[in-house]
Amino acid sequence: MREEFYKTLSSPIWWGALVIAAIMPFVLSSYYVHILTLALVYVALASSWNIVGGMAGQISLAHSLFIGIGSMFSAALLLKLGINMWFGLVISALISGILGAVIAWIDFRFQLGHLSFVLITLAFAEMGSIVVEGWDFLGGASGLLLPKDTGNFLAFQFGGGHGAFWMMLGLAAICVLVNVAILNSPLGYYLRTIRDNEKAAQAIGVNILRYKITAMVISAMLASVVGTAYVRYLTFADPYLLISPVITIEIVLFATVGGLGRAYGPALGALLLVPLGEILRGKLGSTLPGLHYFIYGIVVISVILVTPRGLLPLFERLWARWRGPAVAGKP
Amino acid sequence: MTMTRRTFGLGASAVLAGPIAAPFIRGAGAAEPAIRIGMVNSMSGGLAAYAQEGQPAFEYIIKKINAEGGIKSKGGAKIELVLADDTSQPARTAAEARRLITEEKVQLLTGTILSAQMLALTPVVDEAKIPTLSVWAGGSQSNYMFTLGYPYDRGYAQTMHDFVISLRDDFKFPIKTAVMAYSNYEAGQQSNKFLVEKLKASGIQIIGEAALDIRAQDQTAAMVRIRSLKPDVVVGLVTPRDGILLHQARYNLNYHGSIFCGGTGGYSDLSLWKDLGPEIGKAVLTRNLFGMTGFSAGAKIESMQKIVTELHDVAKLEKIGQGAVQYAQAARVLQQVLENAKSLQSDALLEALKNVNIPAGDPNLYIAKPKGLQFAEDRLLKDGSAMFIQWTPEQAQQVVFPKEFAQVPPRPKS
């Protein structure tokens, strides 16, 4: 694990990509910086979901709950109790981790099948949504408006546009690195074994409960942290966005289109589809309402039909084909 | 011919490329000095009904202004609309506004902008210092945001309160107790909070709540609760969808023990008859029910009746309800702002927005405002009041409140 992880950490391509990304706010208008920031939010979220959904093969729809806790709860702690958002971030992440562990335990204890697991996690997400919309402390259906972001780092403020972009870039990078680390560690192997054949994994002595809980806790805590950062960027904690199952479906879509279970797949999916969706809406939204959804749908269906395992494996195949003749010494 | 993944991919790419290229192709060579107004509407998604009805009316008024010589104080400059769709999602309202400001260089913003969208938009308009006129928000958190929407307090809550008290005091309806039945979403919760306080202060006893789950497929449980409490009046802000389900449940339970008063769409929208059907509509809408609305074709307001006729006969719009009239009003407000602003700079436009004044009786005042249209210090309408109507078996509305616009007195309880 360590060798592969450190190889990534010392890769000039990795650092080059980060540096190029980091200078984008100086090159692009605030609209395109916003699109990139949004893409990075989804890179982070899709990567955190990938630990459970991609590597362990557990299609969790509960992630909106973790994002909602990270966003709505930390915002409420700040606005209603005056608790600094850094502490709010930690408290929310801990609560999300505990809830994630409970869900994983329920899955193990009751030997839920794939469909049952999906439904249970959806039920948790719906319960969270109902609680938020009905509880004044969390803003109810009206949501919560955070104070203006003046750039006070100690108060979890990053100065708006550019600062928020760099913060999300860092967070997205951490989430992808966590994926790289897990994928090449014993935990990653155990998770993939569980995904491919849970009974066989159990038979060879893999501690199913332990690794399922570990994966879910890491995933839930990361999603919660991203939720806190996202709401700070948005300023407005909107329950219909942040704790809606729709956000989970978007995450699953990006991860699937990019390449499920791969360290960089979900990031690739989000980096392609989020800007595509935003730009399509910007260009076509006023032409014919809903047309952008239609075209977006065609793109997603096309990708899934052309490369069912995601775009990353396709790009890898193309890369190998392109490099192949050179390796073989062709002129 | 066999379709392979490759040919499918090529075909899909072609389908994608055409519409993306189209706006650029159309935009080529279409440059002309104009005042650019960005309009972020919810043309798709759950709130699309507002803008789909309103945008054509808004565009009609803008075209009319341009045809009549544009903005005269600015040398006859024409207004150019730059449209965007936020798909009814507040985060996207902010994103589209950012695009219109930075990419399209608009000088003013307007659009559906309901309250949640207003909150999401606040940091963007604050950062860009762009004067913005919301058609429907119930509040404002930015110095640059003004709204034509009904304030929760002195709009929705005050009007519903005043009507209930008028029923009790002026028309001698026996009203001592109330159940709050409201759609459990942002505007419903907010207006309910103020309404409860006002009703209690006026001596009405609140004996229960029936918050309507906006995702429910049936409101029988809420109606059973109302029936069990048997209040004198049931009051609250209800969406059209919840209203339909509530009235259906009332019909099924054959409950007529209370007076139902509420706003706006769930009690007053013309589509209620279509969705409920004439039999249910006649049984529940015309009996012991009054609806709050900002627009009614029968109201004794000459300018409102004129704009309805014009939108129907000249603009050839089919659906003319509150949405259309509200958007038409927004266009007239922006016209006055542009005419009165000393320049097209942000500060001058903001100053002109603060000083908007369309007095009662003005031909450009389309909505029912006995005291005219001005903005208060909080950037909401000074006069946030609305009307109450009752339905007739012919599916028409009769204004019953306030007395300035009333056609008939409220129908007695039966």
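Author: Helices and strands here are DSSP runs, numbered from the N terminus. Keep in mind that this is a predicted model.

Reader: Good, let's use that. Which residues does the cis peptide bond with omega of about -25° join?

Author: That bond sits between Gly263(B) and Thr264(B). Thr264(B) belongs to the loop linking β9 (259–263) to α9 (265–268) in chain B.

Reader: And where is Pro402(B) found?

Author: Look in the segment after β14 (397–401) of chain B. Pro402(B) is joined to Phe401(B) by a cis peptide bond too, with omega about 0°.

Reader: On to phi, then. What is phi of Thr235(A) near?

Author: Near 75°, which is positive in a residue other than glycine. Thr235(A) lies between α11 (208–234) and β2 (236–237) of chain A, in the loop.

Reader: Is Thr235(A) buried or exposed?

Author: The cut-off for buried is 20 or more other C-beta atoms within 10 Å. Thr235(A) has 24 such neighbours inside 10 Å, so it counts as buried.

Reader: What about Asn288(B), where is that one found?

Author: In the chain B loop between α11 (278–285) and β10 (289–293). Its phi is positive, near 55°, and Asn288(B) counts as buried because it has 22 C-beta neighbours inside 10 Å.

Reader: Now the interface. How many residues of chain B are in contact with chain A?

Author: 37, and they meet 33 residues of chain A. On the chain B side, α1(B) gives the most, with nine residues. By type, that side of chain B splits into 19 nonpolar, ten polar and eight charged residues.

Notes. Residues are numbered from 1 along each chain as its sequence is written. Chains are lettered from A and ligands numbered from 1 in the order in which they are written. This is a predicted model: local features need pLDDT of at least 70, side-chain atom pairs count only at pLDDT 80 or more; totals for chains, interfaces and linings use all residues. Two residues are in contact if their C-beta atoms, placed from the backbone, lie within 7 Å. Helices (H or I, at least four residues) and strands (E, at least two) are DSSP runs, numbered from the N terminus. Ala, Val, Leu, Ile, Met, Phe, Trp, Tyr, Cys and Pro count as nonpolar, Asp, Glu, Lys and Arg as charged, and the others, Gly among them, as polar. A residue is buried if 20 or more other C-beta atoms lie within 10 Å of its own, exposed if 12 or fewer, and partly exposed in between; C-beta atoms are placed from the backbone.
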